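Hi everyone, thanks for coming. I'd like to walk you through one structure today, going from strands to sheets to helix packing. Please have it open in front of you.

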Amino acid sequence: MPVRQMKEESSQQHPIVIKTHLQNSMNHPHKSPKAPQNGKCPPRQDLAPNSNKSQNETSPNSSNKNRSRRRGRGGRKSDQGDACTRPSSRPCTAADKPVASEDRLMGVIVPRTPNECAQNSRSLVKFPSSSRSCNFAPRPGYGQAGTKCIVKANHFFAELPQKDLNQYDVTITPEVASRTVNRAIMAELVRLYRESALGMRLPAYDGRKSLYTAGELPFVAKEFRIKLLDDDGGISGPKREREYKVVLKFVARANLHHLGEFLAGKRADAPQEALQILDIVLRELSTRRSFFSPDIRAPQRLGEGLESWCGFYQSIRPTQMGLSLNIDMASAAFIEPLPVIEFVGQLLGKDVLSRQLSDSDRVKIKRALRGVKVEVTHRGNVRRKYRVSGLTSQPTRELVFPVDDESNMKSVVEYFQEMYGFTIQYTHLPCLQVGNQKKANYLPMETVQHNSYDQDPYAKEFGIKISEKLASVEARILPAPWLKYHETGKEKDCLPQVGQWNMMNKKMINGMTVNRWACINFSRSVQDSIVRGFCNELAQMCQVSGMEFNPDPVIPIYNARPEQVEKALKHVYHAAMNKTKGKELELLLAILPDNNGSLYGDLKRICETDLGLISQCCLTKHVFKISKQYLANVSLKINVKMGGRNTVLLDAISCRIPLVSDIPTIIFGADVTHPENGEDSSPSIAAVVASQDWPEVTKYAGLVCAQAHRQELIQDLYKTWHDPVRGTVSGGMIRDLLISFRKATGQKPLRIIFYRDGVSEGQFYQVLLYELDAIRKACASLEPNYQPPVTFIVVQKRHHTRLFANNHRDRSSVDKSGNIMPGTVVDTKICHPTEFDFYLCSHAGIQGTSRPAHYHVLWDENNFTPDGIQSLTNNLCYTYARCTRSVSVVPPAYYAHLAAFRARFYMEPELQQENGSSGTGSGNKTKGSRTESGVKPLPALKENVKRVMFYC
């Protein structure tokens, strides 16, 4: 059956959250808004995931009705639509920021977190006229370091409309879950009544509960009756007409004066509702924030029944140059217009016409087709469309259903033969379940197939004018840092050129020793002699690079089949132990087939959570084609996995890094990875890494944990539990990593820099409130009055701002790929009007347009200057352990992402089959036990694995 996914990206993936408490930034007809009393006010307590905490706790875990919506991984990460109130971080005056609270935490007095300050100030300060009542760290100025230049950005200046924007509440009866149907109903209403009841207004609709107009409608409230053909009925019978009652009711008028003051930098709190209205208006033409079409560019086949479509993304953003329309080209994977059976064959990579499907095959098919619209082909010219809701557990030949109220049953095979004269050939395959979940509708697979702004009428209607020129932005190119290598090498230090360098004539600054190692070959096509040759070459490269590497393995190369991975690993582990009289292996090399399925994940899970083995996997294609560059990169990975360091910043050795070198400083990186779209039960995986050396800040230990499905707040940063013997016990990833730093350096951290990856703008306040509180509690649990100052920075890669060279012909201003130079930083014009953020392109482009990382300093008790935080971030990007290139994201955030991704392999194999994904933990949990949230903990990492960069 040919199956075509909907051309536009699902609106469920990009929800527009319009808050119901619009009185703060919109004027009611009978109530005037209260003026704000000052700029510092209490944050809302609607942010934490748990609601069972007592009211007097300082933890932010108290919940509220107005909880901000969590976005799926496929959702827009740069969305400001559900941004919540924000805490003030930089002002340090006695009046605004008390030093310590009288509340006791773990028996000690601790400085107040933004949450605590907020709770204690509730009776003193009133809410301002916006949903965002407190501020993040304000911009302390602009950076001056580096060579100045001009770059272009994909931002287009937008003039504010001069018209009043009015909001109307929309109630549709019977209630409809689909935004697509809602939009169809509203489109029909506008078609029928625009020239009469709507007074020629062209409204913008968000697909849910809100409608917006430029100017008032001729009524305060009005009811309409709209008829539409129902597209989601049963399999048999013609389409039926359904009538809907639509009630429009005036709610409020948007305060655009507030927005103008915010854009001019006169107010710190952005009127989110007004911004959302403008965003909705500009999206009305395409009806989605993202729009994809095969007409923009010919689709490219991707395999597994998928093809790539080109499209565009757009979003209205507040910037220093005023309102800006951010437009970006994008690509997305869509299901090819194929018969469903052909699609399933491509998806599984095997013939399904004659073979039975396994349980894992069914899970994969169900995940791929759930929510996809399909079209039937068994009824001649009648082409009904349905949305797939599931897959039957039984094959078609076993399916029966009641045909009348007397429970008389008929088989699906018989029904299609008698009703449509259609003989089902592949009765061993399951049926698609379509339409309403309450009423079973079965479709055999073989019966189905898939299916300029100045001219924008909405822009004209609302009086919005968009510039046609890319924004020109002042930028600076920060210099690359000098790197330090070992004194025994010919080159003792190195200055990278255009974001890259190599290991020629250099030796690792801390090369480790590998005496006891073994090799397992899981690839049948690789002979022992080739494996031995490869291992010899790798050992020599490690030696040349500065390691001590025994050229001979402890035991001969062991050949094994992939399906016997656990047996093979344990055999090699014990055989090596016997050979070395009880001394454990230091390194395991593994040769894997190029297409190895679950082998890689199984090997890492067993090695790192069961045997405590450090492993390095190499694919067959690299073993056959031995490349010096490949061997050099593998040697870099082996060295850091063994606990070594490849290079460090020369300024770190010389103690010349501002706000890092002066006092012991620990740098954290944190990330949460979520299951793929369509998986509705598997856990999210959180990872935190932290530097374990000072002043070098190059080695990072990492911990991981599983948490509730799609939970973005990291739950295990700090935790307490009751022990029958010890009483209340403190733990968590932050606490463990602080202790680890103390053991490794002999000093306790006196400054914390926390890079947090994977957070959308709508979650900034939630994440800061919850995780800064956890950091505070972790520190307080270690020592009375221990509260090192914290700088909390969010790192974003999933945004849509792109920077281009102003003159591509000037070879001195672009790299080899034609992209802007590594080190290019922007903190003006396209950045936030008042807050402390910047874009940094720290890497050299390889292919396509380089995407800068966006760094947003949410909280800064260390009082970084713009040059200080920008230079530190850029310099750290040259310390990434796995290659001799600067990377696009600051390494601690990069490492946290790698660790979280690795942990997905740690889940129990049965869960991986059930949910299609997996994960591992840092704590010692009983196998089969579950946390309070009902999530099965990941198996504990072995102690020797925790201490090193195993995730590299």
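**Strands, sheets and helix pairs**

Let's start with strand β6, which is joined to strand β10 (residues 241–254) by eight bridges, the two running antiparallel. To find that pairing on your screen, look for Q167, whose bridge partner in β10 is A252. Before I go on, a reminder that this is a predicted model.

β6, which covers residues 165–173, also pairs with strand β8 (residues 210–214), again in the antiparallel sense, over five bridges. Here the residue to look for is D169, because its bridge partner in β8 is S210.

Now to a sheet of 11 strands. In what order do they come? The order is β35-β34-β33-β38-β39-β43-β42-β41-β23-β4-β40, in an open sheet with mixed pairing. At the edges are β35 (700–707) and β40 (803–805), each of which pairs on one side only. From one strand to the next, the twist averages 30°.

Helix α15, residues 733–745, packs on this sheet and touches β33 (665–673), β34 (684–691), β35 and β38 (751–757). Its direction makes about 145° with that of β33. A second helix, α16 (residues 764–780), lies across β38, β39 (790–796) and β43 (853–860), and runs at about 140° to β39.

Further along the order, strand β23 (residues 471–477) pairs with strand β41 (residues 824–826) in the antiparallel sense, over two bridges. R476 has V825 in β41 as its bridge partner.

One residue of this sheet deserves a closer look: D757, in strand β38. Is D757 buried or exposed? Its relative accessibility is 13%, and buried means under 20%, so D757 counts as buried. And what does D757 touch, once we leave aside its neighbours within four places in sequence? It is in contact with A670, D671, E712, V795 and A893.

Next comes an open sheet of four strands, in the order β29-β27-β30-β31, and here the pairing is parallel. The edges are β29 (558–559) and β31 (615–619); each has a single partner strand, so one side of each is left without a neighbour in the sheet. Strand β30, residues 587–592, runs parallel to β31 and is joined to it by five bridges. In that pairing, I591 has C618 of β31 as its bridge partner. Across β30 and β31 lies helix α11 (residues 599–611), running at about 165° to β31.

α11 brings us to the helix pairs. Two packed helices are described by the angle between their axes and the distance between the axes. I'll give you both for three pairs.

The axes of helix α10 (residues 565–579) and α11 come within 10 Å and cross at roughly 45°. That angle is why α10 counts as oblique to α11. The crossing is right-handed. On the α10 side, V565, E566, L569, K570 and Y573 make the contact, meeting L599, D602, L603, I606, C607, D610 and L611 in α11. By class, this contact has eight nonpolar, no polar and four charged residues.

Which residues bring helix α9 and helix α13 together? First the geometry: α9 (residues 528–544) and α13 (residues 628–641) pack at an angle of about 65°, with their axes 9 Å apart. That makes α9 roughly perpendicular to α13, and the crossing is right-handed. As for the residues, α9 provides F534, E537, L538, M541 and C542, while α13 provides K628, Y630, L631, A632, V634, S635 and I638. They divide into nine nonpolar, one polar and two charged.

Last pair: helix α5 (residues 340–348) and helix α6 (residues 359–369), whose axes come within 11 Å and cross at roughly 120°. That makes α5 oblique to α6, with a right-handed crossing. V340, F343, V344, L347 and L348 in α5 meet D361, K364, I365, A368 and L369 in α6. Sorted by class, the residues of this contact are eight nonpolar, no polar and two charged.

If you take one residue back to the bench to look at, I'd pick D757 in β38, buried at 13% relative accessibility. Thanks, everyone!

Notes:
Residues numbered from 1 in each chain as written. Predicted model: local features only at pLDDT ≥ 70, side-chain atom pairs only at ≥ 80, totals over all residues. Heavy atoms only, no water. Axes fitted to C-alpha atoms, helices over the stretch in contact; angles between N-to-C directions. Contact = heavy atoms within 4.5 Å. Parallel < 35°, antiparallel > 145°, perpendicular 65-115°, else oblique. Left-handed = near helix turned anticlockwise from the far one by under 90°. Nonpolar A, V, L, I, M, F, W, Y, C, P; charged D, E, K, R; others polar. Buried < 20%, exposed > 50% of the residue type's maximum accessible area, 1.4 Å probe, protein only.
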